[in-house]
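Visitor: Please take me through one part of this model in detail. I would like to see how a helix sits against its sheet, and what surrounds it.

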Amino acid sequence: MRNVVVVGYGMAGARLADEIRRRDPGADRVAVTVLGDEDHPAYNRVLLSSVVAGSLTADAVRLHDADWAARRRVDLRLGEPVSKVDRTRRVVHVGDGEVPYDALVLATGARSWVPPTEGLLDGDGDGAMAPGVVAFRSLDDCALIVEKASPGTPVAVIGGGLLGLEAARGLAGRGCLVTVVHPVGHLMERQLDPGAGRVLARTLEGLGIEFRLGALAGRYVPGEGLELVDGTSVPADLVVVSAGVRAETALAEQAGLEVDRGVLVDDALRTSDPRVHAIGDCAQHVGTVSGLVQPAWEQAAVLADRLTGAAPAARYAGTTVVTRLKARDVDLAALGDVHVDVDCPDAEVLCFQDPARGRYAKLVLRDDRVAGAIVLGAPDAAAAITQLYDRGLAAPTDRLALLLGRALPTAGGGEASPADLPASALVCRCNTVSKGQLVGAWRAGATTVSALAEVTRAGTGCGGCRDAVCGIVDWLAASQPQPA
Ligand SMILES: Cc1cc2nc3c(=O)[nH]c(=O)nc-3n(C[C@H](O)[C@H](O)[C@H](O)COP(=O)(O)OP(=O)(O)OC[C@H]3O[C@@H](n4cnc5c(N)ncnc54)[C@H](O)[C@@H]3O)c2cc1C
């Protein structure tokens, strides 16, 4: 029996334990211990913006119920951090005790980065936030935010990236007076170009959010607000910090493993010690620290294949990611390399702007293939372009129709319908589930959306594909012969 110890009971650690038990349900080959420092059963961190927005409760985002560990024969210990890894003796330290391992998996995720702005920390040197200041990473953070976010409360959100904007949208929806303070001249600068950033800001302003772009927070004074470096100030009874994350690598560093921006891993998800693995937000694979759930879950599946012996040669080959903003009334997808000028000689760059209607689309093509795209306010175009990108297909010659969402890459070039999607089309990105897998599961008896979620896990990540899964279920049901 192989003794696998997982440090971190977040989205990657929880999924790894599940994947191991899918391959070894009777716990005959692998004993699994999961050590998590949060007090809760694992939850879907991706959905925390919905908890802040009030559209989901804390209970609704749980990944596991209270009986999960007993049912799955997992030794689960919560509420205390692993403080040390002793690689010579092959034990980890938790509280006063030690836990031995044959294989150790670091799934310690990432932590919020707090800018060195005066007044954000409590001043005790313990890294705790000052009263009225909350980072946005965990379920406990959400509870603190929601507690203070009554209608009319002035809130400053530090950071105009993906998570900052999701938090801002949720808080504005609760009736708070939200100002986003962002040091760069346009929003989400990693994923968007300035034009898309401007259209997005305009859309969000229409939903009641104010912006201070190109502005640095200088000092937070409780009761007075957030002073900016330019001498102005933003009213704030609550400051939400969402200024980026850093991989949680402290344990790996202490253990003497090779660490760069994350814990370095190879295609077998091994660190510089072959008995120690790393997955999820704490891992760095071929230069990439992903910070997204799809890679974390793909890595969990590969590692489970290896650790259970189900596929000992399984390899992680990287993940093609698409960024989506999950904010009510805003539909935004960004993928690939978008920071390419229209006059770039070795790329074809198309751009369409309709700021008054909140629409913006940029398409970067190389050798006729999608190399990057930003699609705001045009979900049909986003779906079509994402499909082309995923499958490496040539773009249709009518580029304008593609940008406007009128040219889905269907076999016959006709109307978009589940029937037209090829079997290989990815429907659920978070769980890497294709239409073909959904059809197979449906034919094997999983004929409802929840049954399909149980079997394939489609729809259990960000939930953005639920309409598509429903569409496939309806289409399959309608295409069955009706009883006479
Ligand atoms: C608000 C929000 C929205 C997001 N939206 C999206 C999205 O739309 N799409 C997307 O793909 N991704 C999204 N993400 C990112 C996604 O949540 C992460 O990629 C995912 O959670 C990574 O899983 P993980 O297990 O590696 O890390 P985590 O989920 O952070 O889990 C790590 C766990 O390890 C614990 N831990 C750390 N150190 C120790 C220790 N020494 N001992 C014991 N336990 C320890 C941590 O407390 C934590 O519980 C979002 C994140 C946030 C915060």
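Guide: Start with helix 5, residues 162–173. In this predicted model, helix 5 lies across strand 10 (154–158), strand 11 (177–182), strand 12 and strand 16. Its direction makes an angle of about 165° with strand 11.

Now the sheet itself. Five strands form an open sheet in the order 9-16-10-11-12. The pairing is parallel. Strand 9 (133–135) and strand 12 (210–213) stand at the edges. Each has a single partner strand, so one side of each is left without a neighbour in the sheet. From one strand to the next, the twist averages 20°.

Look closer at the strand 9 edge. Strand 9 runs parallel to strand 16 (residues 238–241), and three bridges join the two. One residue pair to find is Val 133 and its bridge partner in strand 16, Val 239. In general, strands of a sheet pair through backbone hydrogen bonds, either parallel or antiparallel.

Next along the chain to visit is helix 6, residues 194–206. Helix 6 has 13 residues. From first C-alpha to last it reaches 18 Å, close to the 18 Å expected at 1.5 Å a residue. Its buried residues are Gly 195, Ala 196, Gly 197, Val 199, Leu 200, Ala 201, Thr 203 and Leu 204. An α-helix has 3.6 residues a turn, so residues three or four places apart point the same way. Just after helix 6 comes Gly 208, with a positive phi of about 100°.

What does the record add? An unreviewed UniProt entry lists residues 3–300 as "domain: FAD/NAD(P)-binding". That span is 24% helix and 28% strand. Its end C-alpha atoms lie 17 Å apart.

For contrast, turn to helix 9, residues 379–391. Helix 9 lies across strand 21, strand 22 (330–336), strand 24 and strand 25. It runs at about 160° to strand 25. The five strands of this open sheet follow the order 21-22-25-24-23, with antiparallel pairing. Strand 21 (322–327) and strand 23 (348–354) are the edge strands, each pairing on one side only. Neighbouring strands here are turned by 10° against each other on average, direction ignored. Inside the sheet, seven bridges join strand 24 (residues 359–366) to strand 25 (residues 369–376), and these two run antiparallel. Find Val 364 there: Gly 372 in strand 25 stands opposite.

Conventions: Residues are numbered from 1 along each chain as its sequence is written. This is a predicted model: local features need pLDDT of at least 70, side-chain atom pairs count only at pLDDT 80 or more; totals for chains, interfaces and linings use all residues. Side-chain values use heavy atoms; hydrogens and water are left out. Two strands pair if DSSP finds at least two bridges between them. Helices (H or I, at least four residues) and strands (E, at least two) are DSSP runs, numbered from the N terminus. Axes are lines fitted to C-alpha atoms, for helices over the stretch in contact, and angles run from 0 to 180 degrees between N-to-C directions. Contact means heavy atoms within 4.5 Å. UniProt positions are given in the numbering used here, feature names are shortened, and annotations may be inferred rather than shown by experiment. The expected span of a helix is 1.5 Å times one less than its number of residues. Buried means under 20% relative accessible area, exposed over 50%, partly exposed in between (1.4 Å probe, protein chains only).
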